Amino acid sequence: MAKKNGAVMWKCSKCSYSQGSWLGRCPECGEWNTMEESVIDSNAVTKAGRGSVVSQKAKPVPLSSVASQESPRIFTGIDELDRVLGGGAAKRSAVLLGGEPGIGKSTLLIQMASKLASKKMKVLYVSGEESAGQIKERAERLELNTDGIEVLCTMRLEDILSTLDEKNPVVTIIDSIQTVYTLEAGIVPGSVTQVKYCANELISWVKERDAVLIMTAHVTKEGTIAGPKTLEHMVDTVISFERNNDDVRFLHAQKNRFGSVDELGIFNMTEKGLVPVLNPATMFLTERQEAQPSGVCCTAVFEGNRVFMVEIQALTVPAKASVNRVFSDKIDSARVSRVAAILEKRCGIVFSAQDIYINVAGGIRLNESAIDAALAMAIYSARTDIPIPVGTAVFGELSLAGEIRTVPKLKQRAKTAESLGFTKLYAPEAGSTKDIRDIRTLIKTILK
């Protein structure tokens with residue numbers, strides 16, 4: 001009779017002999033006190049395929065007795081990608097890369113594969129969407145060296161696992177996880193069951209080896225990764241690939257177990273592929289020959305360890321409906337509404353009959369609270385049609401009482417602003433150009 005999955009067995013730690021009851025001496029190898037409690041796992045995957053395996057039962061251990069270790073990393077050869085990954089891809093980790101169609105996911109991965117192969121690392125590129133000829137054509141167009149890159153064009157999970165066991169690559173690329181299927185979970189790729197099942201099998205394989213798994217994923221209309229949300233919880237790192245209206249691409253981590261999620265990678269899409277932008281401090285500022293218009297204010301933001309000067313642009317127009325609306329995709333609309341409400345309450349400027357449009361030059365998305373004061377100045381300037389003087393930069397967090405609070409790393413922000421020609425810096429800290437404590441004082445000081 002077949003043993004029930006999860007049933008307790010006793011397995012010899014020396015020769016792997018197993019039976020249903022405990023014995024002091026193993027009848028196979030003759031060793032004493034080697035029988036350990038184990039369980040039957042029918043979900044285990046062996047080189048011969050799926051089948052029941054007797055594995056040792058997991059037991060808790062004191063955390064204080066566990067030796068800490070730093071995960072070794074694999075450098076991809078692309079500095080901006082390594083920055084977002086936290087200093088390279090950690091071994092025994094799974095990375096999920098999401099982005100809209102045509103943004104450059106496959107281009108980035110084939111460039112990374114070429115860099116790794118040039119270091120004599122085994123790379124397996126699994127594609128369920130393109131043929132080997134299409135992948136080769138892209139590599140030739142980008143003038144990449146393809147020596148050392150193995151290509152597998154299939155959608156069957158069994159073929160992928162068999163090749164992984166045979167080749168044992170250091171880096172495995174799955175493009176994309178939604179195309180992979182197995183008969184164990186049906187025959188239709190992309191279903192919730194298929195994506196979870198196939199991803200779990202691939203992640204289980206890489207967790208047992210000093211290797212890295214990188215999977216691309218489709219996205220929804222809202223830009224979030226398609227498929228079950230549990231897929232993001234299963235992997236170690238989730239990276240989002242975004243673009244602005246130009247050829248600039250932004251790479252940032254939404255989740256990273258081995259590094260920070262604050263780092264931002266910036267690329268330019270060219271005929272030769274994705275080229276890292278090494279000094280992006282000024283790329284989010286608008287160059288003007290004429291006077292600065294109203295509704296524009298500059299501030300400094302931190303993305304990881306780098307400081308960027310950004311230009312926040314605001315526009316207010318009479319509402320076309322009975323309810324005013326906020327249009328902002330680079331800054332959270334709730335933040336914009338909150339700042340407008342503070343201005344209306346503390347400064348007497350009415351926004352209830354105004355539609356508010358917010359944009360950030362260069363297309364970068366801003367999340368930190370240090371932009372509140374600059375956002376308030378841009379909205380106030382747009383509403384009153386009074387331009388902010390050229391060379392002005394504002395830093396500060398805005399409270400509901402209208403107070404402006406200081407922001408972290410103010411000296412680094414000020415240093416970057418001064419190096420780019422900003423001569424009037426306003427922040428709520430002694431030692432800056434002006435000591436500003438509330439939004440009304442800030443407005444009077446700048447627009448006097």
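Which strands do the buried residues of α9 pack against? To answer this for a predicted model, some ground rules help: local features need pLDDT of at least 70, side-chain atom pairs count only at pLDDT 80 or more, and totals for chains, interfaces and linings use all residues. Residues are numbered from 1 along each chain as its sequence is written, and side-chain values use heavy atoms, with hydrogens and water left out.

Helix α9 spans residues 410-419, where helices (H or I, at least four residues) and strands (E, at least two) are DSSP runs numbered from the N terminus. In α9, L410, R413, A414, T416 and A417 are buried, that is, under 20% relative accessible area with a 1.4 Å probe and protein chains only, whereas exposed means over 50%. These buried residues lie on the same side of α9, because they cover an arc of only 165 degrees around the axis, taken from the directions from the helix axis to the C-beta atoms. They pack against β18, β19 (306-318) and β25 (424-427), contact being heavy atoms within 4.5 Å. The face turned away from the buried side carries the exposed K411, K415, E418 and S419, and α9 is followed by G421, whose phi is positive, near 95 degrees.

Strand β18 (296-303) also gives two or more residues to the lining of the largest pocket, as do β9 (93-99), β14 (237-243) and β15 (248-256). A pocket is an open set of points on a 1 Å grid over the protein atoms alone, where a 1.4 Å probe fits, with protein on both sides within 12 Å along at least five of seven lines, and lining residues have an atom within 4 Å of a point. Of the 37 residues lining the largest pocket, E242, H252, L264, R365 and N367 lie nearest its centre, while β14 gives the most to the lining, with 5 residues.
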